[in-house]
Amino acid sequence: MYSFIISIVALVVGYFIYGRVVEKFFGADPARVTPAVSMQDGVDYVPMPSWKVYMIQFLNIAGTGPIFGAIMGAKFGPSCYLWIVLGSIFAGAVHDYFSGMLSMRKGGATYPEIIGSEIKGSQCFSRPSSC
């Protein structure tokens, strides 16, 4: 029971303290308009209320938790709390935040679009006849 309470406290502290560190590192600008607002078309780019955005993030993160947590717990015992908590704080949350920031800075592009534009010679992958 103590490990569970410590894990919850670590997640909350990680959210408030490490979240601010990551935000400063990536240079978030609250005045920057998101692609959902700047490119609003009613289909792909639609602004949503904050509660829906948070609900989607919660479902994305919590969706694998019951599956992954049970497997880790069965295999490694209570020490899996450490893996799940530290992994959520230092890897999962940073990955999700970075993905959103990168997409926002690239005009709402998806990861495959961003990777394709950044790889040298990416036009050869999409149009082999031009190579």
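By the bend at a residue I mean the angle between two axes, one fitted to the seven residues ending there and the other to the seven starting there. With that term in hand, I turn to helix α1, where a kink of about 35° is centred on Gly 14. Please keep in mind that what we have here is a predicted model.

Let me first set out the chain as a whole. It holds 7 helices and 0 strands, and the order of elements from the N terminus is accordingly α-α-α-α-α-α-α. Of its 131 residues, 14% count as buried. If we take contacts between residues at least 6 apart in sequence, 56% of them join residues at least 24 apart.

I return now to α1, which covers residues 2-26. What span should we expect of its 25 residues? At 1.5 Å a residue the answer is 36 Å, and the end C-alpha atoms lie 34 Å apart, which agrees. The buried residues of this helix are Ser 7, Gly 14, Val 22 and Phe 26. Gly 14 therefore appears twice in this account, as a buried residue, for which the cut-off is under 20% relative accessible area, and as the centre of the kink. Part of the cover over the buried residues of α1 comes from α5, residues 80-105. After α1 comes Gly 27, with a positive phi near 70°.

The second helix I wish to discuss is α5. Its 26 residues reach 35 Å from the first C-alpha to the last, close to the 38 Å expected at 1.5 Å a residue. α5 also bends, by about 50° at Ser 88. Its buried residues are Cys 80, Val 85, Ile 89, Val 94, Ser 99, Met 101 and Ser 103. Gly 107 follows α5, and its phi is positive too, near 75°.

How do α1 and α5 pack, and at what angle? The angle is about 30°, and the axes are 10 Å apart. Angles under 35 degrees count as roughly parallel, and the two helices are therefore roughly parallel to each other. On the α1 side, the contact includes Ser 3, Phe 4, Ser 7, Gly 14, Val 22 and Phe 26. On the α5 side, the residues making the contact include Val 85, Ser 88, Ile 89, Val 94 and Met 101. Both bend positions, Gly 14 and Ser 88, are thus found in this contact. As to handedness, α1 passes α5 in a right-handed crossing.

Just ahead of α5 is Ser 79, in the loop that joins α4, residues 65-76, to α5. Is Ser 79 buried, exposed or partly exposed? Its relative accessibility is 47%, so Ser 79 counts as partly exposed. Ser 79 and Ser 3 are 76 residues apart along the chain, while their C-alpha atoms are separated by 8.7 Å.

I close with a second loop residue, Pro 47. It is placed between α2, residues 35-38, and α3, residues 50-62. With a relative accessible area of 35%, Pro 47 is partly exposed. Which residues does Pro 47 touch, once those up to four places away in sequence are set aside? They are Ala 36, Val 37 and Gln 40. Between the C-alpha atoms of Pro 47 and Pro 35 the separation is 8.7 Å, for residues 12 apart along the chain.

Terms used. Residues numbered from 1 in each chain as written. Predicted model: local features only at pLDDT ≥ 70, side-chain atom pairs only at ≥ 80, totals over all residues. Heavy atoms only, no water. Helix = DSSP H or I, 4+ residues; strand = E, 2+ residues; numbered from the N terminus. Expected span 1.5 Å × (residues − 1). Buried < 20%, exposed > 50% of the residue type's maximum accessible area, 1.4 Å probe, protein only. Contact = heavy atoms within 4.5 Å. Axes fitted to C-alpha atoms, helices over the stretch in contact; angles between N-to-C directions. Parallel < 35°, antiparallel > 145°, perpendicular 65-115°, else oblique. Left-handed = near helix turned anticlockwise from the far one by under 90°.
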